[in-house]
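Please find below some notes on the model, set out as numbered points. They deal with charged pairs, cysteines, burial and a few backbone details.

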Amino acid sequence: MSIDAFSKYFGDLKDPRQSAKISYPLFDVLFLAVCAIIAGAEGREDIEDFGEVHLDWFQQKGLFKGGMPVHDTIARIVSRLDPAEFQACFTNWMQVISERSEGELIAIDGKVLRGSYDRESRQSTIHMVSAFATANGMVIGQLKTDAKSNEITAIPELIKLLDIKGCLVSIDAIACQTNIASAIIDNGGDYLLAVKGNQETLAKAVRQALSEKTTVASVATDVAIEQEHGRIEAREYHVLPAKDLAQQFPDWKGLTSIGVAIGYRIDKSGKESLEYRYYISSAELSNERFAAAVRGHWGIENSLHWVLDATMNEDDCQIYRGDAAEIMACMRHMALNMLRAESSKKASIRRKQKIAAMSSPYLEKVLLAGFNAVGKK
């Protein structure tokens with residue numbers, strides 16, 4: 001049963017409430033919240049409404065024998081959970097049932113939860129850093145950045161939680177730091193880091209080393225041309241060994257390759273643009289693998305962040321009490337993973353959510369697919 005699979009990974013979470021004051025078991029509320037978010041719930045009222053509509057289904061599973069809690073109770077329970085403990089359960093779930101393959105790309109990127117701003121206490125919006133396995137479109141881990149810090153300190157902590165052995169980890173230029181490169185190498189992975197002005201000396205050396213590739217016309221077969229929505233885009237990719245640079249920059253552990261992605265674009269108004277993106281990597285990359293990795297990292301915006309905003313309305317979610325925003329973000333990642341794992345219905349994420357809201361048997365199918373087969377190859 002789906003409830004048994006859920007209990008296997010999340011059943012040991014500590015209840016922060018005093019035992020004498022517990023009317024609704026923690027497990028029941030967590031299972032309700034995850035099911036409701038799978039079915040499209042966006043806030044605490046939606047979770048309560050979903051529970052009321054499906055109360056018979058929950059009670060058949062032995063849950064909520066005394067009835068459904070109101071939304072304030074649901075919000076209070078969720079907000080008091082230990083986010084680190086919840087994240088650990090999530091990561092353990094993904095490591096057990098999601099297999100990493102040699103050379104797989106894991107994209108790490110950050111996203112602001114705009115609705116998490118607390119207007120009463122003026123608490124800042126929170127920023128989640130997520131690790132995304134691009135091959136199967138699954139979130140495999142996430143952390144909230146500390147209020148007094150940023151992604152640079154959160155990413156090494158996230159890397160420690162993940163199984164990245166044999167994988168290529170791609171991150172934007174903000175994380176082009178020697179300690180992050182070392183953390184990836186030390187955990188058995190390879191890095192692909194974008195290089196910009198925050199590493200001015202390194203960026204200048206990489207541009208100089210690749211200058212011939214960016215000034216000499218490329219062979220036509222190396223150029224990928226796309227035309228859609230009235231715009232034309234052409235991209236080409238070049239990689240060189242980084243032997244000389246590795247000697248020049250010994251602090252960059254394992255530095256093996258450097259690369260450039262060149263993008264030329266004409267929009268529907270006829271405006272032209274040309275962009276060069278430079279990268280360093282500890283992997284020995286071919287042009288083909290480099291191109292696939294760069295495109296794969298860009299895909300996190302469409303496959304994760306865009307879906308969270310456009311389909312799950314994450315940015316509009318006005319939840320900020322306690323640690324509720326972070327817990328709810330993790331639950332949305334759980335829901336998205338499970339909806340993608342359910343492959344019997346060829347439909348969009350939004351349509352799957354609607355079907356799950358209307359059909360308890362299909363919701364059960366999503367839960368079972370998620371907890372038993374996420375990411376299996």
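**Notes on the predicted model**

1. Asn-313 sits in the loop between α12 (287–310) and α13 (324–341). The model is a predicted one. Asn-313 is not a glycine, yet its phi is positive, at about 55°. Most residues other than glycine have a negative phi. With a relative accessible area of 21%, Asn-313 is partly exposed.

2. Phe-64 also calls for a look at the backbone. Its phi is positive, about 50°, although Phe-64 is not a glycine. The residue belongs to the loop between α4 (55–60) and α5. Here the side chain is not left open: Phe-64 counts as buried, at 2% relative accessibility. Anyone checking the loop should view the phi of about 50° together with the burial of Phe-64.

3. The salt bridges come to 12 in total. One of them pairs the side chains of Arg-44 and Asp-72, with an N to O distance of 3.6 Å. Arg-44 is in helix α3 (residues 44–53) and Asp-72 in helix α5 (residues 71–79), so this pair ties together parts that are 28 residues apart in sequence. Both ends are partly exposed: Arg-44 has a relative accessible area of 29%, and Asp-72 has one of 35%.

4. Another salt bridge stays inside one helix. The side chains of Lys-160 and Glu-157 meet at 3.4 Å, N to O. Both residues lie in helix α7 (residues 151–161), where they are three residues apart, about one turn of the helix. Lys-160 counts as exposed, at 55% relative accessibility, whereas Glu-157 is partly exposed, at 40%.

5. Arg-277 and Glu-275 form a further salt bridge, and their closest N and O atoms are 3.3 Å apart. Arg-277 is partly exposed at 31% relative accessibility; Glu-275 is partly exposed too, with a relative accessible area of 41%. Elsewhere, Lys-111, Asp-309, Glu-314 and Arg-332 are joined into one network by salt bridges that share partners.

6. Tyr-276 is in strand β9 (residues 272–281). It is partly exposed, with a relative accessible area of 34%. Together with Tyr-264 and Leu-274, Tyr-276 forms a nonpolar patch on the surface, and the accessible area of these residues together is about 270 Å².

7. Arg-235 is a charged residue that counts as buried, at 16% relative accessibility. Its place is in strand β7 (residues 231–241). The side chain of Arg-235 makes a polar contact with the side chain of Glu-233, at 2.4 Å. I would ask the authors to comment on that distance of 2.4 Å between the two side chains.

8. How many disulfides does a search of the whole structure find? The search finds zero. Cys-35 is in no disulfide, and the nearest cysteine sulfur, that of Cys-330, is 15 Å away. For Cys-330, the closest cysteine sulfur is in Cys-89 at 9.1 Å, which is too far for a bond, because a disulfide needs the two sulfur atoms within 2.5 Å. Cys-35 is buried, at 0% relative accessibility, and Cys-330 is buried with a relative accessible area of 0%.

9. Helix α1 (residues 2–10) has a set of buried residues: Ser-2, Ile-3, Ala-5, Phe-6, Tyr-9 and Phe-10. Around the helix axis they cover an arc of only 160°, so they are on the same side of α1.

10. Asp-82 is in the loop between α5 and α6 (83–97). Is Asp-82 buried or partly exposed? Its relative accessible area is 42%, so Asp-82 is partly exposed. The side chain of Asp-82 reaches the backbone nitrogen of Ala-84 at 3.0 Å. Asp-82 and Leu-13 are 69 residues apart along the chain, while their C-alpha atoms are separated by 8.5 Å.

Terms used
Residues are numbered from 1 along each chain as its sequence is written. This is a predicted model: local features need pLDDT of at least 70, side-chain atom pairs count only at pLDDT 80 or more; totals for chains, interfaces and linings use all residues. Side-chain values use heavy atoms; hydrogens and water are left out. A salt bridge is a side-chain nitrogen of Lys or Arg within 4 Å of a carboxyl oxygen of Asp or Glu. Helices (H or I, at least four residues) and strands (E, at least two) are DSSP runs, numbered from the N terminus. Buried means under 20% relative accessible area, exposed over 50%, partly exposed in between (1.4 Å probe, protein chains only). The arc is that of the directions from the helix axis to the C-beta atoms. A polar contact is a pair of N or O atoms within 3.5 Å; within protein, one must be able to donate a hydrogen and the other to accept it, and residues adjacent in sequence count only if both atoms are side-chain atoms. Patches are made of residues with over 30% relative accessible area and no salt bridge: like charges are joined within 9 Å, nonpolar side chains (Val, Leu, Ile, Met, Phe, Trp, Tyr) within 5 Å. Accessible areas come from the Shrake-Rupley method with a 1.4 Å probe; for residues, only the protein chains shown count as cover.
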